[in-house]
Structures are given as structure tokens and as C-alpha cells.
Amino acid sequence: MIKKTTARLVAISAAYAVTAMAQPAVAQDKVAVANAATAQAAPAAEGGKMVLPNGQDITPATMENGRWYTEEGIPTFKIAEDGTTDYSTFSGYRRYSAECHVCHGPDGEGSTYAPALKDSVKTLDYYQFQEIVASGKQEVSKAANLVMPAFGTNKNVWCYIDDIYVYLLARGVGDLPRGRPAKKEAKSDEFAAQENACMEG
Ligand code: HEC
């Protein structure tokens, strides 16, 4: 199982940023392929597993550093029957609201300027999502000059990129209603330690 620490992600993001600067055409091509995916249906339950239309399993299997991961080591959310969210999902709500809401609209719903990210995470896979947030994206074919900034060196985003991702997943599959999550688990010591290491590193 591959486990990604945020520290490793920072290194990956730096690599992406360099690649994007050197080869913008390649990054654009990858994004175009991702957008061409037509999967739009609700996630299907396969043998008790939650699977996205793009085939990505989002069933929580293990916890590490206070965050839930699938069997493949991809971050995911866990919401109890009474609606209590895991801490990472709540953290993602806060970070999304602080850093992404201004362009992408409240609750991942989208705006006239930027797409609904609660839907984007059902077609983009986790790594494509990371790459766009790290390197940015520019819709050059449109008359309006739409720009998705690069956040790979912004710790207020990058230290919480997995939280933002799982929050959007929970919104996208309909497991989390709009607005501030009403009930959340407490921040674990492991989560706090990892957060501090990332923000200070
Ligand atoms: C300054 C405005 C702005 C901010 C802030 C912003 N975005 Fe974007 N984002 C955009 C625009 C505009 C696009 C569409 C760009 C395009 O299509 O070329 C976009 C596209 C994206 C995409 C690709 C979506 C898709 O379906 O292809 C992702 C993923 C994304 N943004 C994530 C984020 C996250 C996560 C944050 C917060 C950390 C964020 N963005 C903050 C403007 C913004």
C-alpha cells in the first residue's frame, strides 16, 4: 500500500510546478483527457465498496496520521451514520472555504467563473486533482481569461490538499450536505503533529 505523507506531496508539487513551467502543452493535454471523461453517474456500490464513476474506490480502509485512506492508499472521507465527519473532512471544509470558495463558489457548487469541484473530483482522479492544484490551469480557448492559480508552494493549501480533496469527494457523492459540517470528530494528536510538521517544514 502506498501512503503519501504531506511532506512527500510538497516535493511532488515542486516537481509538478517545474514540469508545468517547462512543458505547459503536456499539462494541458493531460487535463483535456481528464475532462473528456464522461462519467457523471452517482457512485456505485460494488460488493459493499463505494466506487466513483471513474472507477476509483473511495471506501475508507485504514487511518494514518488522523486521515482515512482507501486500500490503494488514496485519501478518502468517513462520515458516521449520525453525520459526524472525520476531522480531515471538516478541515477540508474550512480550507476550501478560505482558499477556493472565492472562485469556485460555496460548498464546491461552482460559480460563473470556475467549475463545481464537487463534480470535478468524480471525473478527475486523485493524482490529476493534485496536479491541477499544484501547477494551476489556464483555459486559453475561452474569450474570458480564466486562470486557476498554482498552489503547490502555498502551505495554507498544500498542507491541507488531502483534506480539501476528501471534503469535495464527500460533497460530490452526496454524503455531506451544504454548509459547515454540524458534527465532527476531534483533531487527533497524529493529525496535529503532521499538520505542524508540514506548516513548519
Ligand atoms: C482565482 C480564482 C481561483 C481560485 C482561488 C481557485 N481556483 Fe481552481 N480554478 C479556477 C478556474 C478559472 C478554473 C478553470 C480553469 C480552466 O478550465 O482552465 C479552475 C479549475 C480548477 C480545477 C480543475 C477542475 C476541472 O473540472 O477541470 C481544480 C481541480 C481546481 N480548480 C481546484 C482548486 C482548489 C482546490 C482551489 C483552492 C485551493 C482552487 N481551485 C482555487 C479558478 C480558481
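**Figure 1. Helix H6 and the glycine that follows this helix in the predicted model.** Gly-136, the residue that comes after H6, has a positive phi, near 85°. The structure shown in this and the other views is a predicted model. H6 itself, spanning residues 126–135, is mostly covered, with eight of its 10 residues buried. The buried positions of the helix are Tyr-126, Phe-129, Gln-130, Glu-131, Ile-132, Val-133, Ala-134 and Ser-135.

**Figure 2. The shell of residues around the ligand.** The ligand is surrounded by 24 residues, of which Cys-100, Cys-103, Ser-120, Glu-139 and Met-148 come nearest. Two or more residues of this shell are given by each of helix H4 (101–104), helix H5 (117–123), helix H6 (126–135), strand S6 (137–139) and strand S7 (146–148). Sorted by class, the shell consists of 17 nonpolar, four polar and three charged residues.

**Figure 3. The open sheet formed by strands S3, S4 and S5.** The three strands follow the order S3-S4-S5, and their pairing is antiparallel. Because S3 and S5 stand at the edges and each has a single partner strand, one side of each is left without a neighbour in the sheet. Between S4 and S5, the antiparallel pairing extends over two bridges, and Thr-76 in S5 is the bridge partner of Trp-68.

**Figure 4. Ile-74 in the loop between strands S4 and S5.** This loop joins S4 (67–69) to S5 (75–76), and Ile-74 within the loop is buried, because 21 other C-beta atoms lie within 10 Å, where 20 or more are required for a residue to count as buried. When residues up to four places away in sequence are not counted, Ile-74 touches Gln-56, Tyr-69 and Tyr-126; of these partners, Tyr-126 is one of the buried residues of H6. The C-alpha atoms of Ile-74 and Asp-125 are separated by 9.8 Å, although the two residues are 51 residues apart along the chain.

**Figure 5. Two loop residues with positive phi, Asn-65 and Asp-107.** Most residues other than glycine have a negative phi. Asn-65, which is not a glycine, nevertheless has a positive phi, near 50°, and is placed in the loop between strand S3 (62–64) and S4. With 19 other C-beta atoms within 10 Å, Asn-65 is partly exposed. Asp-107, likewise a residue other than glycine, has a positive phi near 60° and sits in the loop between H4 and H5. Asp-107 is buried, because 21 other C-beta atoms lie within 10 Å.

**Figure 6. The whole protein, with its confidence and contacts.** The secondary structure comprises nine helices and seven strands, and of the 201 residues in the protein, 32% count as buried. Among the contacts with a separation of 6 or more, 62% are accounted for by residues 24 or more positions apart. The average pLDDT of the protein is 82, and 75% of the residues score at least 70. Over residues 1–42, however, the pLDDT is below 50, and in the model this stretch has 46 contacts beyond near neighbours in sequence.

Conventions:
Residues are numbered from 1 along each chain as its sequence is written. This is a predicted model: local features need pLDDT of at least 70, side-chain atom pairs count only at pLDDT 80 or more; totals for chains, interfaces and linings use all residues. A residue is near a molecule or strand if its C-beta atom, placed from the backbone, lies within 6 Å of it. Helices (H or I, at least four residues) and strands (E, at least two) are DSSP runs, numbered from the N terminus. Ala, Val, Leu, Ile, Met, Phe, Trp, Tyr, Cys and Pro count as nonpolar, Asp, Glu, Lys and Arg as charged, and the others, Gly among them, as polar. pLDDT is the predictor's confidence in each residue, from 0 to 100. Two residues are in contact if their C-beta atoms, placed from the backbone, lie within 7 Å. A residue is buried if 20 or more other C-beta atoms lie within 10 Å of its own, exposed if 12 or fewer, and partly exposed in between; C-beta atoms are placed from the backbone. Two strands pair if DSSP finds at least two bridges between them.
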